[in-house]
Amino acid sequence: MTTVTTGTTTAKGSVGTAHTRVEGRDKVTGAARYAGEIPFAELAHGWLVLSTVARGRISSVQDASVLGMPGVLAVLHHRNAPPVETDYIGLLGVRPDPTAAVFQHDRVPHVGWPVALVVAETSEQAREAAEALVVHYEEEPHDVAFSGSRADAYPLDAHMPAVSEKGDLESELAASAVVLDAEYTTPEEHHSPMEPHAATAFWDGGRLEVVDSNQGTTWVAGELAKMFSLDPASVRVRSEHVGGGFGSKGLRAHQVAAVMAATILQRPVRVIMTRRQMFSLAGYRSPTTQRIRLGADADGRLRALEHHCLSLTSTVHEFIEPGAGVARAMYDADAHHTANRLVRLDVPTPTWMRAPGEAPGSFALESALDELAEKCGIDPIALRVRNEPERGPVSGLPFSSRNLLACFREGAHRFGWADRDPRPGLRREGRWLLGTGTAAASFPAGAAPSTAVVTAEADGSFTVRIAAADIGTGARTALTLVAADALEVTPDRVRVRIGDSDFGPAMIAGGSMGTRSWSWAVMTAAGELRERLALGTGVPPEGITVRSDTSAAIGALAQKERHAFGAQFAEVAVDVTTGEVRVRRMLGVFAAGRIVNPLTARNQFIGGMTWGISMALHEEAVRDQSSGGHVGADLAGYHVATHADVPLIEADWVDDPDPEDPVGIKGIGEIGIVGAAAAIANAVWHATGVRHRSLPIRPDRVLPGATGAPHA
Amino acid sequence: MAPAPSSTYSAITLNINGEKYALSVDHRTTLLDALRERLDLTGTKKGCDQGQCGACTILLDGRRAVSCLQLAVAAQGREITTIEGMAQGERLHPVQQAFLDLDGYQCGYCTPGQICSAVAVLEEHAAGWPSAVTDDVRPEAGPPPLTAEEIRERMSGNLCRCGAYVSIVQAVARAAATDATDAETAEAENTAEAVA
């Protein structure tokens, strides 16, 4: 028995204090190893081959000649791949996207569909053989034309009902003093994490092991177990460091292909997506066409609100981008109608991407609010104050906390909003027109069941094990601080281990639910461990371990509208000679519960706002209608904001307590992007007097307006 | 296992971070893949393999280069510095320290490239190289003020999808200030020694 020192050095207050990342030294020295960087003896390299046609059937795969190429070990395709199961419901309550269940049939539903995996001794050999592999297709006509006038669009209930309807919309619109009816569009957008998807699969003593880059090891391990009909305990997925995810890193074709090849060859096989392959295999955000109708009294009070959002999906899997959902939390009206509809085309399946629904939805809704403020002749912030709901506009439930107006007050003060002349097109600085804009932000604050294991070690330190993922959020550090406070010790005595499905079931890093869900489990286990240690029985050599499972506690949470809120502000300069829009400064003020680590939280908010700049001005994947594939599917063709595009952005927060919430933490990963593009678009209107209802706000879209010509 | 030299393989020696590495490489092997797949120097990252993202930035004879667009066989005889060669033992390079202190990253995947780029940016700037946003580009003008705008322009070949640009720029500025302070201190010490 060792006497433990707990209790003699009581410490609290780590949460809320800035702390550099616990893995920071590894990241700045290059020592942190990501999924494709763990060495394995006898490693073989797989290279995916993707379809070049948008629709049809594979008539032949000419693998014989490729099998004779140097180093080639195997060519997997639909005629020789093992069957996999897809008729199951995964961790997130949905069926798998069959795109991940590779090589099961000869049908091709889009350009970039995986048709083969070439495995060779080296990556150079695999790549050359993959590029040499000839695949013949029976091509069929395809349809990739997305527009708001599709007659085949249909409503789809997904993680929210497709439609919400309250009140008589037409009569309220008719009774309104001011009416707005406008269409907004957002383009196809791609997550583009810096680290491409990478997985190494191998069998070890009857267990399938996958070293992967993903947003949830529990999730991916569970999907692989179901897909390959394996005992869940015989699948282990690890994901120590993850080079960004943003919604794209779940179960995907590369993991399944790697598992198939490792099973056949009985040696470790690594499959990494190329950057170009990511544009068709890694998911993306659907383009949207949104129609908003608002009706208001002369003072801006909303009588009617209608928000319709159309998005697309593939022919093999239904995924809907619920852009119209944001109005259900934000604004009430006597008549309140929202609907999310879907159209199926010969394109890859989209997926969750940072603030799914809220990001494009808030661009439309918050632009529309700005237009309404202009029509009513009132300040955009005053309009939002006037329409601040008491309860959930659709659910009727109370808000757990709603500090949106505090965000606007603080933000307006710091941004200098009071001095703003609301009239557009007045401020000029050489060839630049200047303007400012604002928008509101919200994102749901959910939690999902998780388990954690906390061990008091004999040496006085503590080990936390949880199948959390740190995809750049700072989760590893946040959980260290949370555990330290729950144990009442300093953070340096706590070691947090994450990214291993063997640690027990846990929520994914997604939906802004990760840190809230994991913290809950860690606090529960650590709190119980502290109470046991307080009994003073000492710590045996093997330590004392406490496990937690938050399923019951989360199930018992009262039904409320739980959201984070925020106020976005932007100042832009528009070059009237080139049509270039530059963001000069941004400020975001957020109400997002308890902020665990101010250093990393600020960075994450700003990162989301940076995505807002990128969404407003740069990002747009262009699909070629004749081939059905992308134009310029790489980081030269698909522009994301870089250093020179991003000015000084400030992010801060207001108090947002909820005494009834056991953890008090709301997620912050997504809310930074919500409303950010609208704030920029509203600022462009303020600068130029021209409304931009289609993103991105490209120079060619700005130029006609800036020179006084009609808006295209 | 390194195959024997042939029409498709060559035996080469690479000088990396002051050490010599002898290896046999496929002629198609990029310097990036040689570092990552053959020499276990995985600090240099592969983000796009097309020279578009900057994650694989290294220093080649002191100047930054994207290692995905360099063939390993062509890198013989050149001085290669990777992220693994930036720290002096346990002591981080001032740029690394600033990234750590100011949270100049999130996921960390672009970080080695950002840091290698930043180290070279500070040297390029100190040597008086202008950028596209430098007002006075005359050779005799000397280094322009290292404003945030100058740093952003010079760092724009390195993408960070997490969107940590604001803190990266602050980290580079901090490191530049540290360098300047060190230089002034060193100069003052030299002067003091000379006077003594």
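The paragraphs below lead through chain B, the contact between chains A and B, and one strand of chain A together with its partners. The structure is a predicted model.

Chain B is a suitable place to begin. Its secondary structure consists of five helices and five strands. Followed along the sequence, these elements appear in the order β-β-α-β-β-β-α-α-α-α. Of the 196 residues in chain B, 48% are buried. Contacts within the chain can also be sorted by how far apart the partners lie in sequence. Among those in chain B that link residues at least 6 apart, 54% join residues at least 24 apart.

Within chain B, strand E3 (residues 57-60) and strand E4 (residues 63-66) offer a detail that can be followed residue by residue. The two strands run antiparallel and are joined by four bridges. In this pairing, Leu59(B) lies opposite Arg64(B) of E4(B). E3(B) and E4(B) form a hairpin with two residues between the strands, and Asp61(B) in this hairpin takes a positive phi near 50°.

The next step is the contact between the two chains. Chain A contributes 46 residues to this contact, and chain B contributes 49 residues. Which helices of chain A each supply at least two residues of the side that touches chain B? They are helix H1 (24-29), helix H3 (123-132) and helix H15 (598-617). The largest share of this side, eight residues, comes from H15(A). By residue type, the side of chain A that touches chain B divides into 19 nonpolar, 19 polar and eight charged residues.

Attention now turns to strand E16 of chain A, which spans residues 335-344. Why can this strand be described as largely enclosed by the rest of the structure? The description holds because eight of its 10 residues are buried; a residue counts as buried if 20 or more other C-beta atoms lie within 10 Å of its own.

The pairings of E16(A) can be taken in turn. Strand E7 (residues 154-155) of chain A runs antiparallel to E16(A) and is joined to it by two bridges. Here Pro155(A) faces Arg341(A) of E16(A). Strand E8 (residues 163-166) of chain A also pairs with E16(A) in the antiparallel sense, over four bridges. By contrast, strand E15 (residues 302-313) of chain A pairs with E16(A) in the parallel sense, over 10 bridges. Ala339(A) in E16(A) appears in two of these pairings: Val163(A) stands opposite Ala339(A), and His308(A) has Ala339(A) as its bridge partner. As a general point, side chains in a regular strand alternate between the two faces of the sheet.

Methods
Residues numbered from 1 in each chain as written. Chains lettered and ligands numbered in written order. Predicted model: local features only at pLDDT ≥ 70, side-chain atom pairs only at ≥ 80, totals over all residues. Contact = placed C-beta atoms within 7 Å. Nonpolar A, V, L, I, M, F, W, Y, C, P; charged D, E, K, R; others polar. Buried ≥ 20, exposed ≤ 12 C-beta atoms within 10 Å, placed from the backbone. Pairing = 2+ DSSP bridges.
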